[in-house]
Amino acid sequence: MVFTVITSPQTRRISRPCGPRPGLGGLPRSEGRVPHRPVEDMAFAVARFIQKGGSFVNYYMYHGGTNFGRTAGGPFIATSYDYDAPIDEFGLLRQPKWGHLRDLHKAIKQAEPILVSGDPTIQSLGNYEKAYVFKSKNGACAAAFLSNYHMNAAVKVRFNGRHYDLPAWSISILPDCKTAVFNTATVKEPTLLPKMHPVVWFSWQSYSEDTNSLDDSAFTKNGLVEQLSMTWDKSDYLWYTTYVNIGANELPKNGQWPELTIYSAGHSMQVFVNGKSYGSVYGGYENPKLTYDGHVKMWQGSNKISILSSAVGLPNDGNHFERWNVGVLGPVTVSGLNTGKRDLSHQKWTYQVGLKGESLGLHTVTGSSSVEWGGPGNKQPLTWHKALFNAPAGSDPVALDMGSMGKGQMWVNGHHVGRYWSYKAPSGGCGRCSYAGTYRQDKCRSNCGEPSQRWYHVPRSWLKPGGNLLVVLEEYGGDLAGVAMATRRT
């Protein structure tokens, strides 16, 4: 956060954050379009607050950040914590937002002594136009804010014997009560947006996560258990494993496979029967609960059902966190058998916290050397991938392009970059937006039809000149050919 403070011997008012409000859907979501606030409206909000006697402005955020590791809350909050901030998460200026706000506060600073010495008087200049006048001790006009609250129409106003042009939904600042040194809707800075330049591609080796083995830490309980009460957030993952014994006369003779139905409190899960993958399902930001329903191949005798439940961030807003549930809470049923539907919810289940690759430390140099890696296992679910690379030349910030992948996590030299999930946002709702009028988070949005997040920040301090280790855990299956490292520059 960045705070702008005008000191005063008297009590002054404090503004609410300028930006999307956290916890009310304003945070960047793993599955949603990205809200952004036009700088003209941000400047208008700050100037309007100051003109009414405010003195303390909290920007949320002024410098964007990154939810490295598994620190992204939510659930379903993106790794990026950029917020369309004036300084982006890579430390680069986002123009014109940064420059326009800089000029705004320069103008406010020019009038600081008079702004903190008393409250303004208000003059009507028209139906939608007002002047907020700060006077000196002798009663003369010392500083003024000229406001036009009309959302569509510009206007020319007369104040103190002079004419001033006010664009729609704008405020002009007159630090000397004569010269308009800044107008919130008049952006003078050019638009200079940083861009990504791919410079490094990778040669991959892969290792398939074992979906059948259980180690000494596995435990058995009757019935289904809530995930977080078992993992204590030591891992995003919890295996639910049970067995189904099918008699010789239970399988239908028409060749139709039995139907497996699984209800989960969220957030994502993959289903394996007898070691074979039968797909994945996931919930969403508004409703993390999910249901798997599909036909699976079973045979006479014992059949192993393995469910990998995955948490995608923990709640970071609201109350009663203890009531939030994750994992397979059931019921879990098998139907389509000749003997009817069978409920597996209350039988014995074996639980394993985390993945085998996690316990082996495959994301580290030492751990990755403990197993035999094969050729690139492209587009395979639940697979670890590794590659060695040299750091890009120069000092520009770097990022990983994960837009071609599915869902998972990644590490560079043992440092956890974060979760990634290339969920595509809906294609509608990202048209042109007007800065004028009351801001709301669904008013101005970008990223429609694009992956929820494509570029993932890798701090330069994590890199060596050569021999850097990149490890990717892919849950759903993705295209490794699209993964690249890029430099970011304006």
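Asp 103 is partly exposed, at a relative accessible area of 23%. I start there because the cut-off for buried is under 20%. Keep in mind that this is a predicted model.

Asp 103 shares a salt bridge with Arg 102, at 3.0 Å from N to O. Arg 102 is partly exposed too, with 28% relative accessibility. Arg 102 also meets the side chain of Glu 189 in a salt bridge, and there the N to O distance is 2.5 Å. Where do these two residues sit? Arg 102 is in helix 2, residues 97-110, while Glu 189 is in the loop between strand 13 (182-183) and strand 14 (195-201), so this salt bridge ties together parts that are 87 residues apart in sequence.

How many salt bridges does the whole structure have? The search finds 17. One of them joins Asp 233 to Arg 70, with the closest N and O atoms 2.6 Å apart. This one links distant parts of the chain, 163 residues apart. Asp 233 lies in the loop between helix 4 (228-231) and strand 17 (237-246), and Arg 70 in the loop between strand 5 (65-66) and strand 6 (80-81). Asp 233 counts as partly exposed at 31% relative accessibility, and Arg 70 counts as partly exposed at 23%. The pair belongs to a network of salt bridges that links Arg 70, Asp 233, Asp 236 and Arg 419.

Next, the disulfides. The structure holds three. With the bonded cysteines numbered in sequence order, the pairing reads 1-2, 3-6, 4-5.

Cys 141 and Cys 177 form one disulfide, with the sulfur atoms 1.5 Å apart. Cys 141 is in strand 9, residues 141-148, and Cys 177 is in the loop between strand 12 (170-174) and strand 13, so the bond ties together parts 36 residues apart in sequence. Is each end buried or partly exposed? Cys 141 counts as partly exposed at 25% relative accessibility, whereas Cys 177 counts as buried at 3%.

Another disulfide joins Cys 430 to Cys 448, S to S 1.8 Å. The link is right-handed, with 80° about the S-S bond. Cys 430 lies in the loop between strand 29 (415-421) and strand 30 (445-446), and Cys 448 in the loop between strand 30 and strand 31 (455-458), so parts 18 residues apart in sequence are tied together. Cys 430 counts as partly exposed at 27%, while Cys 448 is buried at 16%.

There is also a disulfide between Cys 433 and Cys 444, S to S 2.2 Å. Its torsion about the S-S bond is about 105°, so this disulfide is right-handed. Both Cys 433 and Cys 444 lie in the loop between strand 29 and strand 30, so the pair ties together parts eleven residues apart in sequence. Cys 433 counts as partly exposed at 28%, and Cys 444 is buried at 1%.

On to the sheets. One open sheet has six strands in the order 16-25-17-22-19-20, with antiparallel pairing. Strand 16 (219-222) and strand 20 (276-282) are at its edges with a single partner strand each, so one side of each has no neighbour in the sheet. The twist averages 25° from one strand to the next. Strand 16 and strand 25, residues 348-353, run antiparallel and are joined by four bridges. Within that pairing, Asn 222 stands opposite Lys 348 of strand 25.

The other open sheet I will mention has four strands, ordered 21-18-23-24, and its pairing is antiparallel as well. Its edges are strand 21 (290-295) and strand 24 (342-343), each with a single partner, so one side of each is left without a neighbour. Strand 23, residues 332-335, pairs with strand 24 over two bridges. Val 334 has Arg 342 of strand 24 as its bridge partner.

Now helix 1, residues 39-51. Its 13 residues reach 18 Å from the first C-alpha to the last, close to the 18 Å expected at 1.5 Å a residue. Is helix 1 enclosed or open? Twelve of its 13 residues are buried, so helix 1 is largely enclosed by the rest of the structure. The buried residues include Glu 40, Asp 41 and Gln 51. Just after helix 1, Gly 53 takes a positive phi of about 105°.

Last, the records. An unreviewed UniProt entry annotates residues 33-107 as "domain: Glycoside hydrolase 35 catalytic". In the model, that span is 32% helix and 16% strand, and its end C-alpha atoms lie 34 Å apart.

Terms used. Residues numbered from 1 in each chain as written. Predicted model: local features only at pLDDT ≥ 70, side-chain atom pairs only at ≥ 80, totals over all residues. Heavy atoms only, no water. Pairing = 2+ DSSP bridges. UniProt positions renumbered as here; feature names shortened; annotations may be inferred. Axes fitted to C-alpha atoms, helices over the stretch in contact; angles between N-to-C directions. Expected span 1.5 Å × (residues − 1). Buried < 20%, exposed > 50% of the residue type's maximum accessible area, 1.4 Å probe, protein only. Salt bridge = Lys/Arg side-chain N within 4 Å of Asp/Glu carboxyl O. Disulfide = S-S within 2.5 Å.
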